[in-house]
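Welcome! Please take a moment to look over the model shown here, and then read on for a short tour.

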Amino acid sequence: MSIEAPSEARPSARADVVAGAIWVAIGAAIVAGSWHMDRLERQGVQWFAAPGLVPGILGLFIIGTAMIIVVRSIARLARDGGEPAGAAWSLRRIALTLALCLTFAVGLVGHGLPFGVAAACYLFLHIFLLELPERRAKGEVRRGALVAAAVAAGVATVVSLVFQELFLVRLP
Amino acid sequence: MLEGLFALARSLAAFFSFWPIAYTLGATLVGVLVGCMPGLSATLAIALLTTLTIKMPPNDAILILICAYVGTIYGGSRTAILLNIPGTAANAAACLDGYQLARQGKAGRAMGIATAGSVMGSLFGVVCLALLTPTLGEVALSFGAFEFFWLALFGVMMSGAVAGTDAVKGWLMGFVGLFAALIGQDGMHAYDRFTFGIPDLGGGLSLIPTLVGAFGFSEILTVLSAPAQKTTLNAVDSVLPRIRDVLKYWRTILRSGVIGVYVGILPGVGEDMAAWSSYAAAKRVSKEKDQFGKGSIEGLMAAETGDNASIPGGIIPALALAIPGSAPSAVLMAAMIIHGVQPGPMLMVNQPQFVYDVVAMTLLATLGMLFYGLFLVRPLLAVIRIPRSIIMPVIFVLCTVGSFAIASRLFDVYVMLGTGIAMFLLRRQNYPVPPFVLGLVLGDILDKSLRRGLTLSDGDFAPFFTRPVCAVLAGITVFTMLMYVPAFNRAVRSGLAEAKALVLGRAS
């Protein structure tokens, strides 16, 4: 049998430096936003009860931890050089997944199309396209389309019925 | 004491009827199936089922969530044993010996051991849940804003320290979670914080859609971004648990149960740490040390007893303090709040029966787990054969419906998508998600407790360090952080070694 599992890998030092720098920027933005937030002094609120106090402190903590990551990664970079990240990304698959998921959740859902129909279309396309390379290699493209269509129709019907009729939950 | 027993009897009588038993079997089955699918976590299962059960009476809904929680952690042992891939993070320790047993042609026996350990651990946890929750709740009645501030911070910091491989990234994620919880109207003055004029952000980031994104959509992207791996499914012999194994390893079961509950109670430390701690403790005192990692029954029993005992353990602080012990119990606590139950010290005063209801629910979930451990093992294994390319798109549809269902807002679907993409990218960089979840749940408590405490002390920080409970929690939190500073860690270790040598020298 074949199953797919995510592979874990240590990120490269360079990626850690970039991510750390982004976190420092986010932390600084939070601190700045908190500092400029209304302290409600006219309502008699003391500085220690001001709404910006805790977000500001958290922003400082984010900067502090991010700085540790940056400094540590720069030291690693100097020691080991810029080694590449270890894990293999299937960019085609990830781009396909993102495109289909976003089209379904942002473009189709809640814009007039019945949920069951939108879900069935999305499921058919996603399952069919994900399995296409393997099916094509085996010469089973038509069988793949049939399986995808059956799963799409079945799941869309069951989800709609279970959520809407059995558990009385509104669907988008 | 007697009053508590009567209350428990009332809860048990109410739950041992047709519908609760039907819900138990259904929800535990869902949990086992989710647990069987690597990557899908108990947190996601509870979050999605919270949306499905939102219109149900509170007790039925919470029963379903607890059964799914217990079922998921148990179900994860199946893939750990058969495929060497833990179904949930909690089952990673079970891979070590479970998979080795399967390779020796004893996969069924390994699943029987996992069932026995899980049931015994869960039962031990249920007893602790019944005994410790009222006691802890009573103690917590004396806690004020100062103590709750430290409890919240302690939970996030502990979670950050143990959740991943890098404590600094764990803490950063905890701080980000705490900050994310503060987006929206401030709880003291109703002032909009970081909403950028978006009306939907006024109520803050909804917890369930955010968690569905963090654990669901990000997992879908993670699984589908990785290349496929060919794995062999081992043959399965008899799956029935053996009484002989339970009797032979009763000390291991008891020890792992205690460790599991203790680790579960610690805020922010989840089932995975309970399993590893129980496994390590069993190996340390075992007479068959050399068998560990090569197919040790004792090792598998310890790991599975520990992780299942930590489920009721994690519910104890969630009920008594409103400080969840793990990410799944954080979602469970959020679901309780959605259903009108307010966990915390006042729970034993306002709704004492609910605590015993939860005990009865966890007991039912344990029986449901035993049912699926004794019967239907082979048919349930079929789910492992379903390709990820079919499962993941289906999960995404459920994530979308689940995010929308909480408040019937498309905005929540967008929150799910945004969180999912962000968490996917962060996980690629080894940033752990559980501290973010703990931060998201505890952010409001931390914010209000700090500001209320400072208001009570007129801006003086001293009570945060001088009150006895605060001093202990602050000490542990700071010490935990300092232990990650290499120089401090070395100094503490060498000091301990010297002290040990001194004591041993005196003793001899």
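## Chain B as a whole

In chain B, 78% of the contacts with a separation of 6 or more are between residues 24 or more positions apart; two residues are in contact if their C-beta atoms, placed from the backbone, lie within 7 Å. This is a predicted model, in which local features need pLDDT of at least 70, side-chain atom pairs count only at pLDDT 80 or more, and totals for chains, interfaces and linings use all residues. Residues are numbered from 1 along each chain as its sequence is written, while chains are lettered from A and ligands numbered from 1 in the order in which they are written.

Chain B holds 23 helices and three strands. These elements are DSSP runs numbered from the N terminus, with helices being H or I of at least four residues and strands E of at least two. The C-alpha trace of chain B spans about 70 × 65 × 55 Å along its principal axes. Its radius of gyration is 22 Å, which agrees with the value near 23 Å for a compact globule of 508 residues; the radius is taken over C-alpha atoms, and the globule rule is 2.2 Å times the number of residues to the power 0.38. Of the 508 residues of chain B, 61% are buried. A residue is buried if 20 or more other C-beta atoms lie within 10 Å of its own, exposed if 12 or fewer, and partly exposed in between, with C-beta atoms placed from the backbone.

## Two domains in chain B

Chain B divides into domain 1 (2-466) and domain 2 (467-508), with bounds that come from an automatic or database domain assignment. The C-alpha centres of these two domains of chain B are 30 Å apart. Where they touch, 15 residues of domain 1 of chain B are in contact with eleven residues of domain 2 of chain B. On the domain 1 side, the elements giving two or more residues are helix H7 (145-163) and helix H21 (463-466) of chain B. H7(B) gives the most, with nine residues. By class, this side of domain 1 has 13 nonpolar residues, one polar and one charged. Here Ala, Val, Leu, Ile, Met, Phe, Trp, Tyr, Cys and Pro count as nonpolar, Asp, Glu, Lys and Arg as charged, and the others, Gly among them, as polar.

## Where chains A and B meet

The contact between the chains takes 60 residues from chain A and 64 residues from chain B. On the chain A side, the elements that give two or more residues include helix H1 (13-35) and helix H2 (53-80). H2(A) gives the most, with ten residues. The side of chain A that touches chain B has 44 nonpolar, nine polar and seven charged residues.

H1(A) has 23 residues and reaches 32 Å from its first C-alpha to its last, close to the 33 Å expected at 1.5 Å a residue; the expected span is 1.5 Å times one less than the number of residues. Among the buried residues of H1(A) are A:Ala19, A:Trp23 and A:Ile30. The buried residues of H1(A) pack against H2 of chain A together with helix H8 (167-182) of chain B.

## Two positive phi values

Most residues other than glycine have a negative phi. Which residues of chain B have a positive phi without being glycine? Two are listed here.

| Residue | Phi | Loop in chain B |
|---|---|---|
| B:Asn84 | near 65 degrees | between helix H4 (58-83) and helix H5 (92-103) |
| B:Phe194 | about 50 degrees | between strand E2 (192-193) and helix H9 (207-225) |

B:Asn84 is partly exposed, with 19 other C-beta atoms within 10 Å. B:Phe194 also counts as partly exposed, with 19 C-beta neighbours inside 10 Å.
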